[in-house]
Amino acid sequence: MSLLLVAHGTRKQAGVALIGSLADRVSMTLGARVHVAFVDVLGPTPSDVLQTLPNRTTVVPAFLSRGYHVNADIPAHVAASGHPDVTVTEALGPSPQLARVLSDRLIECGWRPGDSVLLAAAGTSDRGALSDLRRTSALLSAVIGDRVELALAATGEPRVADAVARLRRRGARRVVVASYLLAEGLFQDRLRNSGADAVADPLGTHPAMVRLIANRFRRARLPLVA
């Protein structure tokens, strides 16, 4: 069986390196090579890679919620590749594992009980993806024992800086942003420039991220018919 991790793509070298590092660590966990592809910005594309893989292939979308790339882009690439035996798993989130990673990143950046917390995602206009993001916000709220509100870095409202300002108007003493992003890049820069008192690092190569991706490959329970 071949393994393929599909990410969005970025012009930031650090983001590209992060996906490669995740793939390498998952490869070590599974004892099998994990190939990498990108649906946007740079290549190789999923269809490019699938055309080089002759045997049964499992694709894990390295996305934190459902959305256009998971629901449309990846299936289109599978169909275009002509590969006869591809299984595409669900996206990485929402999941309790990601909520725990978010909690760890919050603690690392100096979050304290009583701080107002925003879950900051890239953003989406997809209703299913928005539902997933709200679910993640609820999961993180349960982990830290306080309400976590959702804010968006690009598509959708409220934008992160506006959400930070709103919390301050409500009387928040400290506002901390939990980054619901995989890697450094333009969106993480926006979080750091939002006016928050502290901003957590992206999810990155946290050990729980590696385990989550490895388990997606192991279970591969959502077949896709191209």
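In which helix does Ser-141 lie? In this predicted model, Ser-141 belongs to helix α5, which covers residues 127-144. Ser-141 counts as buried because its relative accessibility is 17%, and the cut-off for that label is under 20%. A polar atom of the Ser-141 side chain sits 2.8 Å from the backbone oxygen of Ser-137. When neighbours within four places in sequence are left aside, Ser-141 is in contact with Asp-146, Arg-147 and Val-148. There is also a link to another helix to follow up: 8.7 Å separates the C-alpha atom of Ser-141 from that of Ala-99, although these two residues are 42 residues apart along the chain.

Ala-99 leads the story to helix α4, where it is one of the buried residues. Helix α4 is made of 14 residues, 96-109, and its first and last C-alpha atoms are 20 Å apart, close to the 20 Å expected at 1.5 Å a residue. Alongside Ala-99, the buried residues of α4 are Leu-98, Val-101, Leu-102, Ser-103, Arg-105 and Leu-106. What covers them? The cover over the buried residues of α4 includes helix α5, strand β5 (116-123), strand β7 (175-179) and helix α8 (207-219). Just after α4 comes Gly-110, with a positive phi of about 105°.

Gly-110 is also touched by Asp-115, a residue found in the loop between α4 and β5. Is Asp-115 buried or exposed? With a relative accessibility of 7%, Asp-115 counts as buried. Its side chain has two partners to look for in the structure. One is the backbone nitrogen of Arg-112, reached at 2.8 Å; another is the side chain of Arg-174, with which Asp-115 makes a polar contact at 2.5 Å. Not counting residues up to four places away in sequence, Asp-115 touches Asp-146, Arg-174 and Val-176 as well as Gly-110. Asp-146 therefore appears twice in this account, since it is in contact with Ser-141 and is touched by Asp-115.

Helix α8, part of the cover over α4, is the next element to trace. Its 13 residues should span 18 Å at 1.5 Å a residue, and the end C-alpha atoms are indeed 18 Å apart, so the two values agree. Buried residues in α8 include Met-209, Val-210, Leu-212, Ile-213 and Phe-217. Which elements do they pack against? The buried residues of α8 pack against strands β1, β2 and β3 and against helices α1 and α4. Just after α8, Ala-220 takes a positive phi of about 35°.

The strands met by α8 belong to an open sheet of four strands, arranged in the order β2-β1-β3-β4 with parallel pairing. At the edges are β2 (34-38) and β4 (86-88), each of which pairs on one side only. From one strand to the next, the twist averages 25°. Helix α1, residues 13-30, packs on this sheet and touches β1 and β2, with a direction that makes about 155° with that of β2. Within the sheet, β1 (residues 2-7) and β3 (residues 57-61) are joined in the parallel sense by five bridges. Leu-3, for example, has Thr-58 in β3 as its bridge partner.

Finally, how confident is the prediction? The average pLDDT of the protein is 92, and 97% of the residues score at least 70. Over residues 221-226, however, the pLDDT is below 50; this stretch has 14 contacts in the model beyond near neighbours in sequence.

Definitions and conventions: Residues are numbered from 1 along each chain as its sequence is written. This is a predicted model: local features need pLDDT of at least 70, side-chain atom pairs count only at pLDDT 80 or more; totals for chains, interfaces and linings use all residues. Side-chain values use heavy atoms; hydrogens and water are left out. Two strands pair if DSSP finds at least two bridges between them. Helices (H or I, at least four residues) and strands (E, at least two) are DSSP runs, numbered from the N terminus. Axes are lines fitted to C-alpha atoms, for helices over the stretch in contact, and angles run from 0 to 180 degrees between N-to-C directions. Contact means heavy atoms within 4.5 Å. Buried means under 20% relative accessible area, exposed over 50%, partly exposed in between (1.4 Å probe, protein chains only). A polar contact is a pair of N or O atoms within 3.5 Å; within protein, one must be able to donate a hydrogen and the other to accept it, and residues adjacent in sequence count only if both atoms are side-chain atoms. The expected span of a helix is 1.5 Å times one less than its number of residues. pLDDT is the predictor's confidence in each residue, from 0 to 100.
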